[in-house]
Amino acid sequence: MERKIPSTSSPARDAPLKVVPGAPETSKPDIPWLLETGSKRKLEGSASRPQQTQQPPAFSTVSAHAEHRTTKRRKHEGVRYGPVPRSSATDLRHALAPRQSFNHQQIEQAKAESQLHGRKFQLNTSSCMVPSLDQLFASEAWSLPEMMVEKDKLNATKDLLDCKDIKPWGAHTSFTNRAGNVVRHIRQTQGEVELCTTAWAKMYESIVTFDLLPESGTLLSGSAAVGRMEGGGPAVGTVHLCEAPGAFISATNHFIRSQRPEWHWEWIGNSLHPYYEGNDPAAMIDDDALIQATLQHWHWGHDGSGDIRRPENVAAICASAGAMAKDLGTGGAMLVTADGSIDCQENPNEQV
């Protein structure tokens, strides 16, 4: 059986279109198969080329091909559809209806953003006491066996990432870090901010969220953390341990200068001394711009190293903080921060 294509001026287009026996009658399109697959440009240019001897595919194959393309296009648009009926694709009773509308990126973004808010935990420290200096670092090393088992499981899972390509993995971590644009937004909208880093944003958020530096009117009468200067303004002091390069100090300064301009503020900073030759160079921060500009506020302990793992250095810093509180007329510092860590780049299995 042969079927004529509608007559045109092109001899190639007048060629009969053969139908494979057994193909369903309802699947026959009224246009040539090449156009059905989207190759209209190829069809229009076929007049200048000799007629090919290869037979066109069966109509059933063409329909399956068109169905695959249609389904693929609609999946790309973000909607999943059911199978396309071959025998009655234009029948309204079989009109394509979406089974499930979804956008994977929006779902993951909403999930990540939900984890950014309300993450507050309150610890009961009423029974906690600061140990005396002679008890610091006196205990033997200890570990919890059940936690060591979980540590091994975690490290085994992290080892699976060794075979991942660094580029898609970097894109994944950037996508999951929904707070990654916070620092850039602060720099663009808040003018000049000193040492605007993730640590700066973390400290500033903590001050505002937990009211770490409350207004003088909200302080308890006669609070030991607040003194009075000759002009009547509040006088407060803060201590910042393991501080280099100084983002916590910078965030505290920015908050006090912009939100508490009437305060008289003094502070003490501590970190591993960047110019102490006995310290491990790999353990120190090489950014010392703020340290150089405010060197008189920094305390390096009894031996000058700044290492607070040594009890004599802890005692010296405590004495310096006490002297500052006495000058301010307070009973101690209003705020003490510590942002220390141990470099484990050479031993990733010890990272937590």
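Where is the place of Ala325? Ala325 sits in helix 11 (residues 311-328), and the views below start from there. This is a predicted model, in which local features need pLDDT of at least 70, side-chain atom pairs count only at pLDDT 80 or more, and totals for chains, interfaces and linings use all residues. Residues are numbered from 1 along each chain as its sequence is written, and side-chain values use heavy atoms, with hydrogens and water left out.

**View 1. Ala325 in helix 11.** Helices here are DSSP runs of H or I with at least four residues, strands are runs of E with at least two, and both are numbered from the N terminus. Ala325 is buried, with a relative accessible area of 4%; buried means under 20%, exposed over 50% and partly exposed in between, using a 1.4 Å probe and protein chains only. Leaving aside residues up to four places away in sequence, Ala325 touches Thr330, Gly331 and Gly332, where a contact means heavy atoms within 4.5 Å. Thr238 lies 87 residues from Ala325 in sequence, yet their C-alpha atoms are 9.2 Å apart.

**View 2. Strand 8 beside strand 6.** These two strands run parallel, and 4 bridges join strand 6 (residues 234-241) to strand 8; strands pair if DSSP finds at least two bridges between them. One partnership to look for is Val239 with Val336 of strand 8. Side chains alternate along strand 8 (residues 335-338): Leu335 and Thr337 point to one face and are buried, while Val336 and Ala338 point to the other and are not.

**View 3. The largest nonpolar core.** A core is a set of buried Ala, Val, Leu, Ile, Met, Phe, Trp, Tyr and Cys residues joined through side-chain atoms within 4.5 Å. This one has 29 residues, and Trp200, Leu213, Trp298 and Met334 have the most contacts inside it. Among the elements giving two or more residues are helix 7 (182-189), helix 8 (198-209) and strand 7 (264-269). Helix 9 supplies the largest share, 6 residues. A second, separate core of 8 residues includes Val239, Ile317, Ala321 and Leu328.

**View 4. A nonpolar surface patch.** Trp142, Leu144, Met147 and Met148 make a patch of about 460 Å². Patch residues have over 30% relative accessible area and no salt bridge (a Lys or Arg side-chain nitrogen within 4 Å of an Asp or Glu carboxyl oxygen); like charges are joined within 9 Å, and nonpolar side chains (Val, Leu, Ile, Met, Phe, Trp, Tyr) within 5 Å. Areas come from the Shrake-Rupley method with a 1.4 Å probe; for residues, only the protein chains shown count as cover. Met147, in helix 5 (residues 145-159), is partly exposed at 46%.
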